[in-house]
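Work through these exercises with the model open in a viewer. Try each task before reading its solution.

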Amino acid sequence: MENLISLVNRLQRACTALGDHGEEGGSSLPTLWDALPQIAVVGGQSSGKSSVLESIVGKDFLPRGSGIVTRRPLVLQLHRIEEGREYAEFGHLPRKRFTDFAAVRKEISDETDRETGRTKQVSSVPIYLSIYSPNVVNLTLIDLPGLTKVAVEGQLETTVQDIENMVRSYIEKPNCIILAVSPANQDLATSDAIKISREVDPKGERTFGVLTKIDLMDQGTNAVDILEGRSYKLQFPWIGVVNRSQADINKSVDMIAARRKEREYFSQTPEYSHLADRMGSEYLGKILSRHLESVIKSRIPGLQSLINKTIIDLETELSRLGKPIATDAGGKLYMIMEICRTFDGIFKEHLEGVRPGGDKIYTVFDNQLPAALKRLHFDKHLAMENVRKLITEADGYQPHLIAPEQGYRRLIETALISIKGPAEAAVDAELVNKSISETTELKQYPSLRVEVGSAAVESLERMKEESRRATVQLVEMECSYLTIEFFRKLPQDVEKGGNPTHSLFDRYNDAYLRRIGSTVLSYVNMVCANLRNSIPKSVVYCQVREAKRSLLDHLYTELGRKEVRELGRLLDEDPAIMQRRSSLVKRLELYRSAQAEIESVAWSK
């Protein structure tokens, strides 16, 4: 059985060394730490839980004082050594050994203040402390902040709930053994430890009830009903302890003397003498050790399954992140070309609808362009006064004889010129550039991603300029040559409907001018309908078609001219991915080590 405890102890040390401190660190890596058995000490403020922890360890090392003394979780790893001087090490000071446990107490206080400041605030960031001693059993103990009902001065209003949530996050894990510490000189019904333990472990399958301050109960009262399980029954028997009094602490009474005094109290007090063999800190340590052995044995098959599955998952992700980059110029060039071809293929898939993105181009053609044409408001341009003005200006000194052809041309040309705006907007709508932002396969190499992105954008800009010229030319074509057949189909004017003796701006009657405006509007609408079909064709021909055919052609030519150092710069991996790969390698090392450790330990069935 000692092999099992040593096994978990080694796994815990491996976890600490390789950075696995459980889910509270916010890491996306799988955690072995949370699957290992541990013991959490839970109790109300000043319930004596820290004293219980010191009794189990056999050392006086925890900070003391009034109010909330424990303001951060203390993850305490106990390592049994065969011989030598006992010492302690902190996770944040891995190479510094403490042999003076008064210095350990001070460092716990100082490290708490470094995280919370010199205030009464609490923090969920744990302190990791390892103690190496021949007088301890191999296990993990966690001293949690004391539960309280009222925030004291200097604390946030949420402190009470923050502490409760923190405690619950530890004890709700199925591998956690709960030490629910309650003082005997208070009503058990109001015990914070029992209340929260019942919430996460309603059947009491992993809760040990510890009763402190038995020697401080009122005269004429005793705790026999609690210790014998009549007041509140747990699956495991209640254990009473008598901690050192403040006078003992002030006199620096050591733990050995304190334990002797505790044994004498239970054996010599009539009410408890029949329970003396299962009371006290020494018995608590032994029962926890035996129970821990049992828990470890039951967890081994599950641990093996978890470890084996996680190894496969880690190897799969490492494979996805890719192998090390080639060192020679040919290998680098081949790798870059393959990545570029992959990008080019994905880009085409965006355009062709295999991947999302190409539909945005159709949205421009089907929604944006028609909507922009509708917003031109040709009817305002062809208002009565504007038609009269342009017609009479076109006539000059000589009114037209049959139809105001020059007036028609001016009205049509000025209307059609305004179409250039929507036409150019259709080209400038970042049609294909939008698809680039949705291609994620180049995230591994930021320098290459910038190079490919820049080459693609430059290529697209050239294509866009060509597309803009072609699209504007379509509009200019419509302005430069009118469709005669449209006007031949119109009824011919017999007279212009005006009086040449009138002033220049009053030659034509309103009905005549309205007919001209209506005719021009019909013609402009016909042209808009034609351009609505021809502009998308121009854009697709000049931009989309060319992008699919030769997006990265210029880049391919440039890559062939680069030296090995330049190629290596392009394959400079994203630091986040490098860090992820490094973390995965360490975590894989941890799990393989754990796998080997478990396989090396033989246990009885």
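**Exercise 1. The whole chain**

Task: State how much surface the protein chain exposes, and what share carbon and sulfur atoms supply.

Solution:
- Step 1. Take the exposed area. The protein chain exposes about 30,600 Å².
- Step 2. Split it by atom type. Carbon and sulfur atoms supply 51% of that area.
- Step 3. Note the source. This is a predicted model.
- Step 4. Turn to burial. The protein chain has 605 residues, and buried ones make up 48% of them.
- Step 5. Count the secondary structure. There are 22 helices and 9 strands in the protein chain.
- Step 6. Check the contacts between residues at least 6 apart in sequence. Of these, 80% join residues at least 24 apart.

**Exercise 2. Empty space inside**

Task: Find how many cavities of 30 Å³ or more there are, then describe the lining of the largest cavity.

Solution:
- Step 1. Recall the principle. A probe the size of a water molecule, rolled over the atoms, shows where empty space is left.
- Step 2. Count. There are 4 cavities of 30 Å³ or more.
- Step 3. Size the largest cavity. It holds about 100 Å³ of space.
- Step 4. List the lining. It has 13 residues, and those nearest the centre are Ser 55, Asn 243, Arg 244, Met 255 and Ala 258.
- Step 5. Assign helices. Helix H2 (49–57) and helix H8 (255–268) each supply at least two lining residues. H8 gives the most, with 4 residues.
- Step 6. Sort by chemistry. The lining divides into 4 nonpolar, 4 polar and 5 charged residues.

**Exercise 3. A serine in a strand**

Task: Decide whether Ser 130 is buried or exposed, and find which side chains its own side chain joins in polar contacts.

Solution:
- Step 1. Locate the residue. Ser 130 sits in strand S5 (residues 127–133).
- Step 2. Apply the cut-off. Buried means under 20% relative accessible area. Ser 130 has 9% relative accessibility, so it counts as buried.
- Step 3. Find the polar partners. The Ser 130 side chain makes a polar contact of 3.1 Å with the side chain of Gln 77. Another, of 3.4 Å, joins the side chains of Ser 130 and His 79.
- Step 4. Widen the view. Setting aside neighbours within four places in sequence, Ser 130 contacts Gln 77, His 79, Tyr 87, Ala 88 and Glu 89.

**Exercise 4. An aspartate in a helix**

Task: Determine which side chain makes a polar contact with the side chain of Asp 113.

Solution:
- Step 1. Place Asp 113. It belongs to helix H3 (residues 101–116).
- Step 2. Judge burial. Its relative accessibility is 16%, so Asp 113 counts as buried.
- Step 3. Name the partner. The side chains of Asp 113 and Arg 71 make a polar contact of 2.9 Å.
- Step 4. Add the other contact. Not counting residues up to four places away in sequence, Asp 113 touches Arg 71 and Arg 118.

**Exercise 5. Two partly exposed residues**

Task: Explain why Lys 213 and Ser 522 count as partly exposed, and say what the phi of Lys 213 is.

Solution:
- Step 1. Set the range. Partly exposed lies between under 20% (buried) and over 50% (exposed).
- Step 2. Test Lys 213. Its relative accessibility is 23%, so it counts as partly exposed.
- Step 3. Test Ser 522. Its relative accessible area is 36%, so it is partly exposed.
- Step 4. Locate both. Lys 213 lies in the loop between strand S8 (207–212) and helix H6 (224–227). Ser 522 is in helix H19 (residues 510–550).
- Step 5. Check the backbone. Most residues other than glycine have a negative phi. Lys 213 is not a glycine, yet its phi is positive, about 60°.
- Step 6. Take one distance. Ser 522 and Phe 486 are 36 residues apart along the chain, and their C-alpha atoms are separated by 9.4 Å.

Methods
Residues numbered from 1 in each chain as written. Predicted model: local features only at pLDDT ≥ 70, side-chain atom pairs only at ≥ 80, totals over all residues. Heavy atoms only, no water. 1 Å grid on protein atoms, 1.4 Å probe; cavity = no way out; pocket = protein on both sides within 12 Å on 5 of 7 lines; lining within 4 Å. Points joined across faces, edges and corners; volume = space filled by probe spheres on them. Nonpolar A, V, L, I, M, F, W, Y, C, P; charged D, E, K, R; others polar. Buried < 20%, exposed > 50% of the residue type's maximum accessible area, 1.4 Å probe, protein only. Polar contact = N/O pair within 3.5 Å; in protein donor to acceptor, adjacent residues only side chain to side chain. Contact = heavy atoms within 4.5 Å. Areas by Shrake-Rupley, 256 points an atom, 1.4 Å probe, with all protein chains shown as cover.
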